[in-house]
Amino acid sequence: MLHLRLLVLLLSLFTSSGWAEDPIPPYRIAVVNLVKVLEQAPQAAAEGKRLESLFAARETALAQEQLELQRARETLQSTGDVLPEAQRVQRERELRTLERDYSRKQEDLREEIRFAKDAALEKVQEQVEQAVEAVRAEGQIDIVFRESNYIVASARVNLTDKVLAYLQQQFDSAKAVVDTDGSNESNPTKPASGE
């Protein structure tokens, strides 16, 4: 009898509390493969090309300097036996000084490239985060997980392609603005040097 009264009391609580009339809407969950997005985003490719062109001249100059150092080493090795001792020692010192300068320039360039890559990666990551947020808001999604926080996800909840499409759209829009502002980087019909 006590069990029956308790059951009736619980049923009356459930029906009078409004739970049956106001159910909690389901949460919308999605996932994004950020590694794929960072690898395939057009912004990442553009930053990579920009960095390549930014440092290409210095890398070429260092490669040329390395060749010259190699030639100087070979010359010293081949003529070192016939040179007077004082002259040979002087050339060895000069070569060591040139090698130290080369090593310092090479290390400076590596450090600058590393800092530039870090800054570019940070910039692209911010753009990706903004894209994920925009796609999340557009789809009225409550929670977005990154690829490392889930085991398996269906294609239905995977936002990766939508985020990539959004980034491509943003990239194309920004490129169109640059093209209409008179920049000739992307427009091959305009002469580069005002010819």
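Eleven salt bridges is what the count comes to in this chain, and several of them will be stops on our tour. Keep in mind as you click around that this is a predicted model.

**Getting oriented**

Colour the chain by secondary structure to begin. You should find five helices and two strands. Walking along the sequence, the order of these elements is α-β-α-α-α-β-α. If you then colour by accessibility, the buried residues account for 18% of the 195 residues in the chain.

**Stop one: salt bridges along helix 4**

Select residues 85-138, which make up helix 4. Side chains of opposite charge can pair when their charged atoms come close, and this helix offers some examples to look at.

Begin with Arg88 and Glu92. Their side chains form a salt bridge with an N to O distance of 2.8 Å. Because these two residues are four apart in helix 4, about one helical turn separates them. Glu92 has a relative accessible area of 27%, so this residue is classed as partly exposed.

Next, move to Glu107 and Arg110. This pair also makes a salt bridge, here at 3.9 Å from N to O. Both residues belong to helix 4 and sit three residues apart, about one turn of the helix. With the cut-off for a salt bridge set at within 4 Å, the pair at 3.9 Å is counted. Glu107 is partly exposed at 42% relative accessible area, and Arg110 is partly exposed too, at 48%.

Further along, select Glu133 and Arg136. Here the salt bridge measures out at 2.8 Å, N to O, in the model. The two are three residues apart in helix 4, again about one turn of the helix. Both are partly exposed: Glu133 has a relative accessible area of 41%, while Arg136 has 23%.

**Stop two: a salt-bridge network and a neighbour across the fold**

Which residues join Lys123 in a network of salt bridges? Show the side chains of Glu47 and Arg50 alongside Lys123, and you have the linked set.

Now select residues 42-79, helix 3, and pick out Glu59 within that helix. Glu59 is partly exposed, since its relative accessible area is 41%. Draw a distance from the C-alpha atom of Glu59 to that of Arg110, which you met at the previous stop. The two residues are 51 apart along the chain, yet their C-alpha atoms are separated by 9.7 Å.

**Stop three: a patch of negative charge**

Switch on the surface and select Asp118, Glu122, Glu126 and Glu129. Together these four form a patch of negative charge on the surface. Take a closer look at Glu129, a residue of helix 4. Is Glu129 buried or exposed? Its relative accessibility is 55%, so Glu129 counts as exposed.

**Stop four: the loop after helix 4**

Follow the chain out of helix 4 and into the loop that leads to strand 2, where you will find Gln140. This residue is worth a check on your Ramachandran plot: its phi is near 50°, a positive value in a residue other than glycine. Gln140 counts as exposed because its relative accessibility is 62%.

**Stop five: a nonpolar patch**

Continue into strand 2, residues 143-146, and select Ile143. Then add Tyr27, Ile29 and Phe145 to your selection. With Ile143, these residues make a nonpolar surface patch of about 390 Å². Ile143 itself has a relative accessibility of 35%, so this residue is classed as partly exposed.

**Last stop: the largest nonpolar core**

Hide the surface and look inside. How many residues does the largest nonpolar core have? The core has 15 residues, and those with the most contacts inside it are Val32, Val37, Val128, Val132, Leu159, Val163 and Leu167. To see where the core comes from, select strand 1 (29-32), helix 2 (34-40), helix 4 and helix 5 (160-180), the elements that each give two or more residues. Helix 4 gives the most, with five residues. So ends the tour, back at the helix where the salt bridges began.

Conventions
Residues are numbered from 1 along each chain as its sequence is written. This is a predicted model: local features need pLDDT of at least 70, side-chain atom pairs count only at pLDDT 80 or more; totals for chains, interfaces and linings use all residues. Side-chain values use heavy atoms; hydrogens and water are left out. Patches are made of residues with over 30% relative accessible area and no salt bridge: like charges are joined within 9 Å, nonpolar side chains (Val, Leu, Ile, Met, Phe, Trp, Tyr) within 5 Å. Accessible areas come from the Shrake-Rupley method with a 1.4 Å probe; for residues, only the protein chains shown count as cover. Lys and Arg count as positive and Asp and Glu as negative; His and the chain ends are not counted. The place of a charge is taken as NZ of Lys, CZ of Arg, CG of Asp or CD of Glu. Buried means under 20% relative accessible area, exposed over 50%, partly exposed in between (1.4 Å probe, protein chains only). A nonpolar core is a set of buried Ala, Val, Leu, Ile, Met, Phe, Trp, Tyr and Cys residues joined through side-chain atoms within 4.5 Å.
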